[in-house]
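Thanks for making time this morning. I would like to walk you through one model, starting with its sheets and finishing with its core.

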Amino acid sequence: MKRTTGLHLPKMRKQGLIIDELPDEVLVYDLDRHKAHCLNRTAALVWRRCDGKTSPPEIADRLELELDQPFNEELVWLALRQLNKINLLAESIVLQPPRRGISRRQMVQALGIAAAIAAPVVTTIISPTAVQASTCIPSGGSCSTSAQCCSKDCKTNGKCR
Amino acid sequence: MSEFLKNRGGELIAKALAGSWRSSVGPPQISSAELSQVAQLLIQAGAGALVWRRIRGSALGTSKVGAQFQQAYRLHRLEGVVHRQKIKQILAGLRAAGIEPVLVKGWSVARLYPEAGLRHYVDVDLCVGGNDYARAQQVLANLGDDGLYVDLHRELDHLDLKDWDEFVARSQLISVDGTEVRVPGAEDHLRILCIHWLRHGAWKPAGLCDIAVALESRPVEFDWQRCLGSDHVRAGWVACTIGLANELLGAGSADILSALSAQRERLPRWLVPAVLRQWGRSLSPNYREPALPALFGQLTNGKEFVGEFFSRLDQPVRATVALHGRFNNWPRWPYQLGELLLHSSEGPKQLAFMITLAREKVSSRWQRRGISATARKAFTSLSNALFSMSRPDQKAWKVFSKS
């Protein structure tokens with residue numbers, strides 16, 4: 001079970017994950033929770049540097065050196081908050097609260113402009129799954145015939161009951 | 001099903017997938033609205049990633065519908081990584097027991113695509129020698145969940161008629177992340193892919209892309225005679241499937257078609273429309289068990305009911321293959337009727353399913369309307385009796401169906 005540490009030394013989770021690196025993003029499949037996530041380049045850069053020994057300000061400094069571009073510490077925190085939420089950190093960390101009076105979207109926009117680098121974005125992949133040998137479309141999924149639905153009832157609005 | 005999909009769905013799917021397996025291919029000549037209409041069908045049929053590959057550099061790639069295909073691609077990428085890991089674990093287990101399996105379909109065809117993640121995986125099809133089959137089953141049982149992932153075949157099972165020893169002798173070893181995997185020879189594999197696709201009613205457009213990629217990546221020394229085999233009917237099926245890949249997806253070239261001209265004068269008139277109809281439905285014809293009970297929900301809509309009923313009978317490709325018929329211009333209804341009779345023993349099972357559904361529906365309706373508990377109980381007893389009579393595992397039915 002994950003434990004919370006009082007230190008701001010984030011550590012990347014390595015167990016129970018399948019990682020696939022694409023040129024612009026990193027795909028992660030959580031074998032424990034059966035969820036797929038997509039990390040954009042910035043989020044992946046931060047995640048890779050979460051070694052449990054480096055603090056967020058240090059991560060920002062290192063990335064600034066590596067990329068030869070300003071890398072705001074806020075970007076690191078923003079990435080960590082998202083990584084923490086989807087359980088991609090080995091230990092939950094005490095996160096710096098987001099700035100008051102500013103929404104996440106506004107912060108992403110502000111940071112993106114200020115840092116000249118894309119703000120970290122972590123998304124969970126949700127897609128209609130391909131029809132498999134033994135599966136059917138769950139309730140609410142799009143259907144054209146009743147046989148496609150697990151409920152065997154494709155409603156007139158094209159959704160499975 | 002909407003009229004649009006019924007009439008143009010298959011055609012648009014073919015347009016979206018044409019050439020998608022090639023290393024260099026431009027975006028499809030299809031509008032965003034048209035792509036949206038068939039997006040669900042394409043993704044559900046496992047072809048979403050192939051479409052993404054075609055549209056990712058174009059305006060369609062940044063559209064709302066494009067995002068759906070990108071998600072499908074991402075999922076297929078991850079699926080591919082999981083699939084490769086499973087193959088390695090399963091092979092290690094089997095080899096530790098001294099069993100050398102041959103991997104057919106799945107990864108053995110996915111490796112031919114220009115990049116990972118373009119293909120959807122279901123299970124791992126492994127063929128093992130007849131003498132190893134029982135031991136292989138035991139090994140897979142000991143593997144737990146990973147073992148369930150395997151569709152184990154005793155030699156070539158229903159996949160092919162070729163002699164097993166000859167098939168193994170022509171197989172080849174390919175490396176998957178450092179693990180050697182035995183896959184069929186190119187000729188055997190193309191034939192297996194074609195016949196498997198037809199046997200399942202040609203319903204999956206991604207399956208025809210598999211055939212297209214296998215066709216276009218065949219080695220220089222590819223032996224067409226070996227691929228087509230000695231059975232004239234099956235040779236005709238393979239030749240027609242390659243003709244379909246050419247006609248619908250633009251696969252292959254004129255020299256291939258001329259090489260196959262002896263087996264395939266021209267595609268039968270009914271074949272292309274039948275396949276496009278199937279694609280427009282994206283209804284796997286493999287689920288015969290719930291086929292009739294699923295109609296129950298349409299009973300109140302006469303037109304819909306007839307349409308659904310017809311779509312279940314309209315399986316000319318599958319019926320012809322099931323009855324080892326030739327692909328020619330003769331009518332298909334005798335095959336379809338024959339196939340229906342072939343599966344008539346499944347009737348009671350479907351009837352049992354229908355009774356269960358009816359029982360649930362009527363019970364809940366009566367409950368809502370305040371029908372007395374006694375009446376509901378009587379109905380339940382009656383339907384239970386009907387259900388038990390119609391169950392296919394009843395001894396009497398078994399004797400009857402055997403006779």
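Before I describe how a helix lies across a sheet, let me say that two residues are in contact if their C-beta atoms, placed from the backbone, lie within 7 Å, and that angles run from 0 to 180 degrees between N-to-C directions. Please also keep in mind that this is a predicted model.

In that sense, helix α4 of chain B, residues 64-96, lies across β2, β3 and β4 of chain A, running at about 120 degrees to β2(A). Those strands belong to an open sheet of four strands, ordered β2-β3-β4-β6 in chain A, whose pairing is antiparallel. At its edges stand β2 (17-21) and β6 (122-124) of chain A, each pairing on one side only, and the twist from one strand to the next averages 20 degrees. Within this sheet, β3 (25-30) and β4 (35-40) of chain A pair over six bridges, with A:Asp30 opposite A:Lys35.

Turning to chain B, three strands form an open sheet in the order β1-β2-β3, with mixed pairing. Because β1 (102-104) and β3 (150-154) of chain B each have a single partner strand, one side of each is left without a neighbour in the sheet. Strand β2 (124-128) of chain B pairs with β3(B) in the parallel sense over five bridges, and helix α6 of chain B, residues 133-142, lies across both, at about 170 degrees to β3(B).

Finally, the largest nonpolar core has 118 residues, and B:Leu17, B:Cys209 and B:Leu249 are among those with the most contacts inside it. Helix α12 of chain B, residues 232-249, gives the most to this core, with ten residues.

Terms used
Residues numbered from 1 in each chain as written. Chains lettered and ligands numbered in written order. Predicted model: local features only at pLDDT ≥ 70, side-chain atom pairs only at ≥ 80, totals over all residues. Core = buried A, V, L, I, M, F, W, Y, C linked by C-beta atoms within 7 Å. Buried ≥ 20, exposed ≤ 12 C-beta atoms within 10 Å, placed from the backbone. Helix = DSSP H or I, 4+ residues; strand = E, 2+ residues; numbered from the N terminus. Pairing = 2+ DSSP bridges.
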